[in-house]
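Here are my notes for anyone opening this structure for the first time. Have a look at the picture, then go through the points in order.

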Amino acid sequence: MLFRSAGAGREKWDAAKRFYSFIVGVLLLTLSIISIKHTWDSDWEAFTAIVFFWALSMFLFGVLVILLQLGDRFEGAIVRFASFLDLCIGRGFFYLFTGT
């Protein structure tokens with residue numbers, strides 16, 4: 001059997017994945033805001049600017065992860081512009097890229 005049937009166990013698994021992905025998105029937002037505030041308060045050097053733009057990109061990735069987990073309305077709009085997020089492997093690589 002290539003695909004599993006959509007039963008109650010599958011729905012619970014999908015709900016758990018959505019919940020934990022949402023939590024990770026919130027953590028990304030929180031940590032990026034802390035990092036942005038820290039770099040904003042310090043002296044601006046080349047390294048500080050790199051950390052600032054890295055934190056800004058992590059903020060945007062966190063927003064994207066949260067919007068993907070909120071439901072079909074946001075997911076459809078995002079997938080229209082980034083179609084690789086519609087595939088399981090594309091979203092998996094996105095999460096791996098965001099996590100590293």
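1. Let's start with the pocket, and keep in mind throughout that this is a predicted model. The largest pocket holds about 400 Å³ of space. Its lining is made up of 13 residues, and K17, Q69, C88, R91 and Y95 are the ones closest to the pocket's centre.

2. Where does the lining of the largest pocket come from? Two helices, α1 (8-41) and α4 (88-99), each put in at least two residues. Sorted by class, the lining has six charged, four nonpolar and three polar residues.

3. Next, the inside. Seven residues form the largest nonpolar core: V65, L68, I78, V79, A82, L85 and F94. Helices α2 (46-70) and α3 (72-81) each provide at least two residues of this core. If you want one core residue to click on, try F94: its relative accessibility is 7%, under the 20% cut-off, so it counts as buried.

4. Now the rings. The count of aromatic pairs comes to five. Take F61 and F97: their ring centres sit 5.6 Å apart and the planes meet at 80°, which is over the 60 degrees needed, so this pair is edge-to-face. The two residues come from distant parts of the chain, with F61 in helix α2 and F97 in helix α4, 36 residues apart.

5. Is F97 buried or exposed? It is exposed, because its relative accessible area is 51% and the cut-off is over 50%.

6. A second pair worth a look is F94 with Y95. Here the ring centres are 5.8 Å apart, and the planes are at 50°, so the pair is called tilted rather than edge-to-face. Y95 has a relative accessible area of 27%, so it is partly exposed, whereas F94 is buried. Y95 also turns up among the residues closest to the centre of the largest pocket, while F94 belongs to the largest nonpolar core.

7. Put the rings together and you get a cluster: ring pairs link F61, F94, Y95 and F97.

8. Stepping back to the whole chain: how many helices and strands are there? The chain has four helices and zero strands, and from the N terminus on the order reads α-α-α-α. The radius of gyration is 17 Å, while the globule rule gives 13 Å for 100 residues; the value for the chain is well over that, so the chain is more spread out than a compact globule.

9. The box around the C-alpha atoms, taken along the principal axes, is roughly 60 × 25 × 25 Å. Of the 100 residues in the chain, 27% are buried.

10. Two more residues for your list. G76 is part of helix α3 and is partly exposed, since its relative accessible area is 43%, between the 20% and 50% cut-offs. Measuring sticks out, C-alpha to C-alpha: G76 and D86 are 8.8 Å apart in space and ten residues apart in sequence.

11. The other one is L67, which lies in helix α2. With 25% relative accessibility, L67 counts as partly exposed, because buried would need a value under 20%. Eleven residues along the chain from L67 is I78, and their C-alpha atoms are separated by 8.3 Å. I78 is also one of the residues of the largest nonpolar core.

Technical notes:
Residues numbered from 1 in each chain as written. Predicted model: local features only at pLDDT ≥ 70, side-chain atom pairs only at ≥ 80, totals over all residues. Heavy atoms only, no water. 1 Å grid on protein atoms, 1.4 Å probe; cavity = no way out; pocket = protein on both sides within 12 Å on 5 of 7 lines; lining within 4 Å. Points joined across faces, edges and corners; volume = space filled by probe spheres on them. Nonpolar A, V, L, I, M, F, W, Y, C, P; charged D, E, K, R; others polar. Core = buried A, V, L, I, M, F, W, Y, C linked by side-chain atoms within 4.5 Å. Buried < 20%, exposed > 50% of the residue type's maximum accessible area, 1.4 Å probe, protein only. Phe/Tyr/Trp six-rings, centres within 6.5 Å; stacked < 30°, edge-to-face > 60°. Rg over C-alpha atoms; globule rule 2.2 N^0.38 Å.
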